[in-house]
Amino acid sequence: MRTIGVIGGMGPAAAADFYARVVAAHGALSDQDHPPCIMYSATQVPDRTAFLLENGADPTPELIASVNVVEAAGADFIAIPCNSAHAFLVPMRAAVSIPILDMIALVSAEVAKVMPQARRVGVLAASGSVKVGLYDKPLKRHGLVPLYPDFEIQDEVMAAIKNVKAGGASEISDPRLITAARHLCDKGADSLIMGCTEVPLALASKDSPVVAIDGNQTLVDTTLRLSLRQFDFEEILYAIR
């Protein structure tokens with residue numbers, strides 16, 4: 001098996017959820033059946049959204065240091081369960097010699113695969129990701145049009161995300177995210193992306209008016225299959241280059 005490297009801590013609950021899903025999805029019968037995993041909880045990384053909104057410290061140096069730690073520890077590839085961190089993917093990739101999965105590319109491809117009839121995709125993401133259009137190009141490569149919440153609704157999405165980061169994850173969907181999902185559908189979305197790793201921790205798929213792609217699960221599935229050598233990196237070049 002390939003050794004998984006994970007940059008966590010952005011936020012901690014999302015990273016814990018990611019690893020719990022990896023464990024649950026494999027169906028292992030013993031400790032030794034599970035894939036080896038090196039997780040680095042990089043809670044010291046400055047807030048990605050604050051920087052992308054132009055009023056925070058640059059997280060790039062700490063992100064580079066984090067991927068270096070995981071590579072040096074022996075990881076064969078890296079997964080980062082944080083959407084907004086992918087705005088800094090280019091310098092992170094330049095700093096290591098092992099592949100770093102592009103979660104944004106993987107999720108965009110998953111929408112096209114699962115919802116071939118989809119045309120307009122609503123994106124529930126952190127405000128920094130929205131501002132820089134993190135999902136714009138990857139979705140457009142599949143002929144999909146990204147839709148984002150109006151300003152006031154986006155503020156509510158961000159408040160719900162911050163609540164999860166502060167320990168407020170719940171099995172009961174956050175009403176603010178339900179409202180945002182309905183709002184995007186009213187704007188014409190025929191599918192949704194949970195484009196922040198905190199969103200699936202506060203919005204159940206059943207509470208979305210349309211199919212909502214869980215980015216956490218998409219990253220888990222690819223990570224596990226790569227570790228188990230069920231396919232090779234060459235089969236997902238779009239997500240490692």
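1. Helices here are DSSP runs of H or I with at least four residues, strands are runs of E with at least two, and both are numbered from the N terminus. On that basis, Gly 11 sits in the loop between β1 and α1. The model is a predicted one. The peptide bond from Met 10 to Gly 11 is cis, with omega near -5°. Most residues other than glycine have a negative phi, and most peptide bonds are trans. Please look at this bond in the β1–α1 loop when you go through the backbone.

2. Two residues deserve a look for their phi values. Glu 54 is not a glycine, yet its phi is positive, at about 75°. Glu 54 lies in the loop between α2 and α3 (60–73). Its relative accessibility is 65%, so Glu 54 counts as exposed, the cut-off being over 50%. Arg 229 also has a positive phi without being a glycine; the value is near 60°. Arg 229 belongs to the segment after α10. At 51% relative accessibility, Arg 229 is exposed too.

3. Now the sheet that holds β1. Three strands make up an open sheet, in the order β2-β1-β3, with parallel pairing. β2 and β3 are at the edges and have a single partner strand each, so one side of each lacks a neighbour in the sheet. On average, neighbouring strands of this sheet are turned by 25° against each other, direction ignored.

4. How is β1 joined to its partners? β1 (residues 4–8) and β2 (residues 37–41) run parallel and are joined by five bridges. In that pairing, Ile 7 is opposite Tyr 40 of β2, and Gly 8 is opposite Ser 41 of β2. β1 also pairs with β3 (residues 77–79), again in the parallel sense, over three bridges. There, Ile 4 faces Phe 77 of β3. The connection from β1 to β2 goes by way of helix α1 (residues 12–26), and the three elements make a right-handed β-α-β unit.

5. Is β1 buried or exposed? Five of its five residues are buried, and the strand is mostly covered. In a regular strand the side chains alternate between the two faces of the sheet. In β1, Ile 4, Val 6 and Gly 8 are on one side, Gly 5 and Ile 7 on the other, and both sets are buried. Both faces of β1 are thus covered.

6. A second open sheet has four strands. Their order is β5-β4-β6-β7, and the pairing is parallel. β5 (145–147) and β7 (212–214) are the edge strands, each pairing on one side only. Neighbouring strands of this sheet are turned by 30° against each other on average, direction ignored. Between β4 and β6 (residues 191–194) there are four bridges in the parallel sense. Val 121 is opposite Ser 191 of β6 in this sheet.

7. Which helices pack on this sheet? Helix α5 (residues 103–114) lies across β4, β6 and β7, and runs at about 135° to β7. Helix α10 (residues 215–227) packs on the sheet as well, touching β6 and β7, and makes about 45° with the direction of β7.

8. These two helices also meet each other. Two packed helices are described by the angle between their axes and the distance between the axes. For α5 and α10, the angle is about 105° and the axes are 9 Å apart. That makes α5 roughly perpendicular to α10, since 65 to 115 degrees counts as such. From α5, Met 103, Leu 106, Val 107 and Glu 110 make the contact; from α10, Gly 215, Asn 216, Thr 218, Leu 219 and Thr 222 do.

9. Helix α8 (residues 151–168) has a clear inside. Gln 154, Val 157, Met 158, Ala 160, Ile 161 and Val 164 are buried. Seen down the helix axis, the buried residues of α8 fall within an arc of 155°, so they line one face of the helix. An α-helix has 3.6 residues a turn, so residues three or four places apart point the same way. What covers this buried face of α8? The cover includes α2 (48–52), β4 (120–124), α6 (127–132) and α9 (175–186). On the other side of α8, the exposed residues are Phe 151, Glu 152, Lys 162, Ala 166 and Gly 167.

Methods. Residues numbered from 1 in each chain as written. Predicted model: local features only at pLDDT ≥ 70, side-chain atom pairs only at ≥ 80, totals over all residues. Heavy atoms only, no water. Buried < 20%, exposed > 50% of the residue type's maximum accessible area, 1.4 Å probe, protein only. Arc of directions from axis to C-beta. Contact = heavy atoms within 4.5 Å. Pairing = 2+ DSSP bridges. Right-handed = clockwise from strand over helix to strand, strands pointing away. Axes fitted to C-alpha atoms, helices over the stretch in contact; angles between N-to-C directions. Parallel < 35°, antiparallel > 145°, perpendicular 65-115°, else oblique.
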